[in-house]
Amino acid sequence: MRFAPVIYGIGGLLLITQSVQAAESMDWLNKLSTSDKVNFQGSFIYESNGNLTSHHIARKVDSNGDVKERLYRLDGTPYEVVRDNNRIVCSTSADDQVDVAKSLAPKLRPDQIDRGYTLKHLGESRVADNPTDVIAFIPKDSYRYAYEMQLSKSTGQVLKSTTFDQKGNALERLQFITYSSLAPSTAELDPKGDCAPGAEAEEASHADQATWAASWLPSGFEQVRSLKSWQAGGDGRPVQYLLYSDGLSSFSVFVDSDSHTAMTDSRNQFGPTSVVSKRINPSDKDVLITVVGEVPAGTAERIALSVRPD
């Protein structure tokens, strides 16, 4: 039994190492989860679906913790969006660009992230002349993407982010080329050009919540929004709307129970965004389910097929 102390010693060392790694992971998550409350300004490049664009963003946090943010596209068609906390004060018509800033400060809950990802520290680097920690978010299943982020050592702000599919191919990249943690001036946060006022968002009452829900979700995904009547584009027909997130990625579910179009099942991929439509017939009536979001197409299809009256 002379080897027992050695074996127990190795076991204790492994436990200590795992505890240290868990503590470090929690520190990175906590820093990342509070990065949306940090003053900063800078310019970054964004690549998705073969398109490369450049943007400028400025965020100011006042003494009460209220956040004002302005995102402006620097090339191509002019685009900007101004936010006051979570409310869109104004934006131009390019709705597909609104979500670009979300990956800069994801709303994280450490316990939620732990259900879907394993964190690994890959080392240290530098982005936009700022020291960074390189963190990998490794999925625990095949139902979501992998992420590699470089976080500012001083603020926790995401300065570089890459999204990978199951084969390790890069689907989306974002990287700052200039970055400062100084608070922007009031003038830098004021809207410019044709920035139309945003619609007032209201919290849905219980009676206004969707009567449908996904009966299957990958571990860690939770419903964060539900609307019984959401005004769709085109003919303006209202559809039910649900939003789910695992803390890093999110997807939306649209339920059209009054669809009279002859749309067939479809499955498309645009960078990291999957768009899957499925017709189901739960009660002798065709219902069109559409899932749009940052999950693999196979995941989106399984979710769509699981949607049922709640």
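In this predicted model, the hairpin formed by β9 and β10 has five residues between its strands, and Gly168 there takes a positive phi near 85°. The briefing starts from that hairpin and follows the strand pairings outward, then turns to residues with positive phi, to Ile177, to the disulfide and to the nonpolar cores. Among the main points, a disulfide joins Cys90 to Cys195, and the largest nonpolar core has 21 residues.

**Strand pairing from β9 to β3**

- Strand β9, which covers residues 158–164, pairs with β10 in the antiparallel sense over five bridges, and within this pairing Ser161 has Leu174 of β10 as its bridge partner.
- β10 also pairs with strand β1 (residues 40–48), again in the antiparallel sense and over eight bridges; here the bridge partner of Ile45 is Gln175 in β10.
- β1 is in turn joined by nine bridges to strand β2 (residues 51–61), the two running antiparallel, and Tyr46 stands opposite Thr53 of β2.
- β2 continues the series through seven bridges to strand β3 (residues 67–73), also with an antiparallel course, and in this pairing Ala58 has Arg70 of β3 as its bridge partner.
- Taken in sequence of pairing, β9 is paired with β10, β10 with β1, β1 with β2 and β2 with β3.

**Turns and positive phi values**

- The hairpin of β1 and β2 has two residues between its strands, and Asn49 lies in that turn with a positive phi of about 55°; this residue takes the positive value although it is not a glycine.
- Asn49 is partly exposed, its relative accessible area being 44%.
- In the hairpin of β2 and β3 there are five residues between the strands, and the turn residue Gly65 has a positive phi of about 85°.
- Asp129, in the loop between β6 (117–127) and β7 (130–139), is another residue other than glycine with a positive phi, in this case near 65°.
- With a relative accessibility of 60%, Asp129 counts as exposed.

**Ile177 and its surroundings**

- Ile177 is placed in strand β10, which spans residues 170–180, and this nonpolar side chain belongs to a residue that counts as exposed because its relative accessibility is 51%, where the cut-off for exposed is over 50%.
- Once neighbours within four places in sequence are left aside, Ile177 is in contact with Ser43, Phe44 and Ala128.
- Although 48 residues separate Ile177 from Asp129 in sequence, their C-alpha atoms are 8.5 Å apart in space.

**The disulfide**

- The count of disulfides comes to one, and in that bond the sulfur atoms of Cys90 and Cys195 are 2.0 Å apart.
- The torsion about the S-S bond of Cys90 and Cys195 is about 90°, and the disulfide is therefore right-handed.
- Because Cys90 lies in strand β5 (residues 87–91) while Cys195 lies in the loop between α3 (186–189) and β11 (196–197), the pair ties together parts that are 105 residues apart in sequence.
- Cys90 and Cys195 are both buried.

**Nonpolar cores and helix α4**

- Within the largest nonpolar core, with its 21 residues, the members that touch the most other members are Tyr244, Phe251, Val253 and Ile289.
- At least two residues of this core come from each of β12 (212–214), β14 (238–245), β15 (250–256), β17 (273–280), β18 (287–293) and α4 (297–306).
- A second core, separate from the largest one, has 15 residues and includes Trp28, Leu32, Tyr117 and Leu171.
- Val253, not counting residues up to four places away in sequence, touches Gln240, Tyr241, Leu242, Tyr244, Ile289, Thr290, Val291, Ile303 and Val307.
- Helix α4 is mostly covered, with seven of its 10 residues buried; these buried residues are Ala297, Thr299, Ala300, Glu301, Ile303, Ala304 and Ser306.
- The elements that cover the buried residues of α4 include β12, β15, β16 (266–270), β17, β18 and β19 (307–309).
- As a general background to these cores, nonpolar side chains tend to be buried together in soluble globular proteins.

Note on methods:
Residues are numbered from 1 along each chain as its sequence is written. This is a predicted model: local features need pLDDT of at least 70, side-chain atom pairs count only at pLDDT 80 or more; totals for chains, interfaces and linings use all residues. Side-chain values use heavy atoms; hydrogens and water are left out. A nonpolar core is a set of buried Ala, Val, Leu, Ile, Met, Phe, Trp, Tyr and Cys residues joined through side-chain atoms within 4.5 Å. Buried means under 20% relative accessible area, exposed over 50%, partly exposed in between (1.4 Å probe, protein chains only). Helices (H or I, at least four residues) and strands (E, at least two) are DSSP runs, numbered from the N terminus. Contact means heavy atoms within 4.5 Å. Two strands pair if DSSP finds at least two bridges between them. A disulfide is a pair of cysteine sulfur atoms within 2.5 Å.
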